[in-house]
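Me: Got the model open. Can you walk me through what's in it?

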Amino acid sequence: MRRGWKMALSGGLRCCRRVLSWVPVLVIVLVVLWSYYAYVFELCLVTVLSPAEKVIYLIFYHAIFVFFTWTYWKSIFTLPQQPNQKFHLSYTDKERYENEERPEVQKQMLVDMAKKLPVYTRTGSGAVRFCDRCHLIKPDRCHHCSVCAMCVLKMDHHCPWVNNCIGFSNYKFFLQFLAYSVLYCLYIATTVFSYFIKYWRGELPGVRSKFHVLFLLFVACMFFVSLVILFGYHCWLVSRNKTTLEAFCTPVFMSGPEKNGFNLGFVKNIQQVFGDNKKFWLIPIGSSPGDGHSFPMRSMNESQNPLLANEEPWEENEDDNRGPSISNEVYRVQCWKPF
């Protein structure tokens, strides 16, 4: 009886948390809807007197508004991509791993399993990255999101303003959303400013429209400042081919920590997010190369790779007849276009 009551309470709390997680999104939607009303009706249709100016303002505004809402929608409803089945432990391996009490044996089990997978990053101690909650070997740049309760490929961060985890599947859309948000606020602020001055000087009548125009400029400027800082930060991350998590915690490769391990150069770094075809860079259509499970890396000199030299489990046995060892081929296989 008590156990059932606790389960019901836990389920109710989870339901409440899911509902509350949409509050930031609802706030943004309400602000955007009000800004649409204030700009289109109170500014363009009521305050602006020139018909030509009305038409020009409305055309450019709606063009920006369409891309702004489109990218916001894609950021919210594009689900985070999870690792595919080959990274999950099989039922037998899971039973063996959980029943094994010796940590060193568990570590060796993960090393043996990881030999078949394209994973080249490690924990701080040099162990294979493993998620105890999802029971999978984490692909490179994959992390577990405690809010989404799952592992996310190339996880950047969990954003409450879109109520979604930003990762490989939607990072491009998130960047576009930030860019069009900045453009949206900037356009509103620049076109409203002259009428803000006229209302401030008392040159225009209309108390209701005056309130909307004054407040519209204030809100646009406030959001523009915060968004341009956030967008600038993510532009810097893209130029270095880093995620937010990697900016705060340097990724560890088989050769050790390397903060620029995924840095391929400015142009190639941009292509890793937006793709090779430039005509898709401004449109919220998926164009990021790869499958999110492996990524090109800087080529590293094996002579400067102490972990590869010392970690015997990563060398394949001579009797296996499977060709060169992973320690000799790992970077040549993984690097698509090495420097």
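Reply: Sure, starting with the labels: helices (H or I, at least four residues) and strands (E, at least two) are DSSP runs, numbered from the N terminus. Residues are numbered from 1 along each chain as its sequence is written. Also, this is a predicted model, so to speak of local features pLDDT has to be at least 70, side-chain atom pairs count only at pLDDT 80 or more, totals for chains, interfaces and linings use all residues, and side-chain values use heavy atoms, with hydrogens and water left out.

Me: OK, where does Val27 lie?

Reply: Val27 is in helix H2.

Me: And is Val27 buried or exposed, or something in between?

Reply: Val27 counts as partly exposed, at 41% relative accessibility. The scale is buried under 20% relative accessible area, exposed over 50%, and partly exposed in between (1.4 Å probe, protein chains only).

Me: How many aromatic pairs are there?

Reply: The count comes to 26 aromatic pairs. Take Tyr36 and Phe65: their rings are 5.1 Å apart centre to centre with 45° between the planes, which makes the pair tilted. Tyr36 belongs to helix H2 (residues 23-47) and Phe65 to helix H3 (residues 51-77), so this pair ties together parts that are 29 residues apart in sequence.

Me: What counts as a pair?

Reply: Rings of Phe, Tyr and Trp (its six-membered ring) pair if their centres lie within 6.5 Å; planes under 30 degrees apart are stacked, over 60 edge-to-face, and the rest tilted.

Me: Are Tyr36 and Phe65 buried or exposed?

Reply: Tyr36 is partly exposed at 26% relative accessibility, while Phe65 is buried at 15% relative accessible area.

Me: What about Phe68 and Tyr184?

Reply: Phe68 and Tyr184 make a stacked pair, with 4.7 Å between centres and 5° between planes. Phe68 sits in helix H3 and Tyr184 in helix H6 (residues 171-201), so the link spans 116 residues in sequence. Phe68 and Tyr184 are both buried.

Me: Which residues do ring pairs link into a cluster?

Reply: Tyr36, Tyr39, Tyr61, Phe65, Phe68, Tyr72, Phe177, Tyr184 and Tyr187.

Me: Changing topic. Which ring does the charged end of Arg141 sit over?

Reply: The charged end of Arg141 is over the ring of Phe262, 4.1 Å from its centre. Arg141 also lies over the face of Phe295, 5.1 Å from that ring centre. The rule is NZ of Lys or CZ of Arg within 6 Å of the ring centre and within 35 degrees of the ring normal.

Me: What order do the strands have in the open sheet?

Reply: The 3 strands run E1-E8-E9, with antiparallel pairing. Strands E1 (121-122) and E9 (256-257) are at the edges with a single partner strand each, so one side of each has no neighbour in the sheet. Two strands pair if DSSP finds at least two bridges between them.

Me: How many bridges join E8 to E9?

Reply: Strand E8 (residues 252-253) is joined to E9 by 2 bridges, running antiparallel. Phe253 stands opposite Gly256 in E9.

Me: What's odd about the phi of Ala149?

Reply: Ala149 has a positive phi of about 60° without being a glycine. Most residues other than glycine have a negative phi. Ala149 is in the loop between strand E4 (143-145) and strand E5 (150-152), and it's exposed at 54% relative accessible area.

Me: And what is the phi of Asn163?

Reply: Asn163, not a glycine either, has a positive phi of about 50°. Asn163 is in the loop between strand E6 (157-159) and strand E7 (164-166), and is buried at 17% relative accessible area.
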